[in-house]
Amino acid sequence: MVDERNGDDEDPESPAAKRPSTKKTGGPAAPVIAVRMETLLAWVAARVAKFPREHKFTVGDRLVDTCLDITSHLVEAAYRRDKHGELAAASRALVRARVLVRLARTLHCMSEAQHLHFAKESDEVGRMLGGWQRATSMR
């Protein structure tokens, strides 16, 4: 069964409503792109939990793992002097995540609205990632 909700920010139960605080807590704040990807990761994990059993542990787990990889690479890049490798790895993983979401849609594990929500959010992460890559290559 496919959940027809698309994860709008207005839903108080959605992961977006539980977005981590970006206030200073003593250490350096996470980059906005990492927080954005973390929110998308929580949304993806909630959707994968509702995948049919036959696809949950194959396509679903790989999708969650790939989104975790993207988030990890973004956080690592924030703390490294040479960010190029981590940002390139995050970019490759983002492409893999998009392929897995298209597959999930084809297998009827996601609704069209959910696919479009992921596409919109991943496009924004991709734009931010591309900007970060361009900014670091100029240095």
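Visitor: At what angle do helix α3 and helix α4 pack, and how far apart are their axes?

Guide: Start with two numbers for any helix pair, the angle and the axis separation. In this predicted model, α3 (residues 84–106) and α4 (residues 112–137) pack at about 170°, and their axes are 10 Å apart. Angles over 145 degrees count as roughly antiparallel, so α3 is roughly antiparallel to α4.

Visitor: Which residues make that contact?

Guide: Look at each helix in turn. From α3 the contact is made by L87, A88, A90, S91, L94, A97, R98, V101, R102 and R105. From α4 come E112, H115, F118, S122, D123, V125, G126, L129, W132, Q133 and T136.

Visitor: How do the residues of this contact divide into nonpolar, polar and charged?

Guide: The contact of α3 with α4 has 10 nonpolar, six polar and five charged residues.

Visitor: Which residues of α3 are buried, and what do they pack against?

Guide: Burial can be read residue by residue and then matched to the neighbouring elements. In α3 the buried residues are E86, L87, A88, A89, A90, A93, L94, A97, L100, V101 and A104. They pack against α2 and α4.

Visitor: And which residues of α4 are buried, and what covers them?

Guide: In α4 the buried set is Q114, H115, H117, F118, E121, S122, V125, L129, G130, W132 and T136. The cover over these residues of α4 includes α1, α2 and α3.

Visitor: How do the spans of α3 and α4 agree with 1.5 Å a residue?

Guide: The check sets the distance between the end C-alpha atoms beside the expected span. For α3, with 23 residues, the expected span is 33 Å and the end C-alpha atoms are 33 Å apart, which agrees. For α4, with 26 residues, the expected span is 38 Å and the end C-alpha atoms are 37 Å apart, which agrees too.

Visitor: Let us move to the loop between α3 and α4. What is the phi of H108?

Guide: A backbone angle can be read together with the residue type. H108 is not a glycine, yet its phi is positive, at about 65°. This residue follows α3 and lies in the loop between α3 and α4.

Visitor: Is H108 buried or exposed?

Guide: Relative accessibility decides the class. H108 has 57%, so it counts as exposed. L107, in the loop between α3 and α4, has 30% and therefore counts as partly exposed.

Visitor: What does L107 touch?

Guide: Leaving out residues up to four places away in sequence, L107 touches H55 and V59. Sequence separation can also be set beside distance in space: L107 and F51 are 56 residues apart in sequence, and their C-alpha atoms are 9.9 Å apart.

Visitor: Now for the other helix pair. How do α1 and α2 pack?

Guide: The reading is by angle and axes again. α1 and α2 pack at an angle of about 170°, with their axes 9 Å apart. They are therefore roughly antiparallel to each other.

Visitor: Which residues meet there?

Guide: On α1 they are I33, A34, M37, E38, L41, V44, A45 and V48. On α2 they are K56, G60, D61, L63, V64, C67, L68, I70, T71, L74 and V75. This contact of α1 with α2 divides into 14 nonpolar, two polar and three charged residues.

Visitor: What is the span of α1, and which of its residues are buried?

Guide: α1 (residues 32–48) has 17 residues and reaches 24 Å from its first C-alpha to its last, close to the 24 Å expected. Its buried residues include I33, A34, V35, M37, L40, W43 and R47. What covers the buried residues of α1 includes α2 (53–79) and α4. A42, also in α1, has 33% relative accessibility and so counts as partly exposed.

Visitor: How many disulfides does the structure hold?

Guide: Cysteine sulfur positions settle that, and the count is zero. As for burial, C67 is buried, with a relative accessible area of 0%, and C109 counts as buried at 4%.

Visitor: What pattern does the protein follow along the sequence?

Guide: The pattern is α-α-α-α, with four helices and zero strands. Buried residues make up 39% of the 139 residues. Among contacts between residues at least 6 apart in sequence, 68% join residues at least 24 apart.

Key. Residues numbered from 1 in each chain as written. Predicted model: local features only at pLDDT ≥ 70, side-chain atom pairs only at ≥ 80, totals over all residues. Heavy atoms only, no water. Axes fitted to C-alpha atoms, helices over the stretch in contact; angles between N-to-C directions. Parallel < 35°, antiparallel > 145°, perpendicular 65-115°, else oblique. Contact = heavy atoms within 4.5 Å. Nonpolar A, V, L, I, M, F, W, Y, C, P; charged D, E, K, R; others polar. Expected span 1.5 Å × (residues − 1). Buried < 20%, exposed > 50% of the residue type's maximum accessible area, 1.4 Å probe, protein only. Disulfide = S-S within 2.5 Å.
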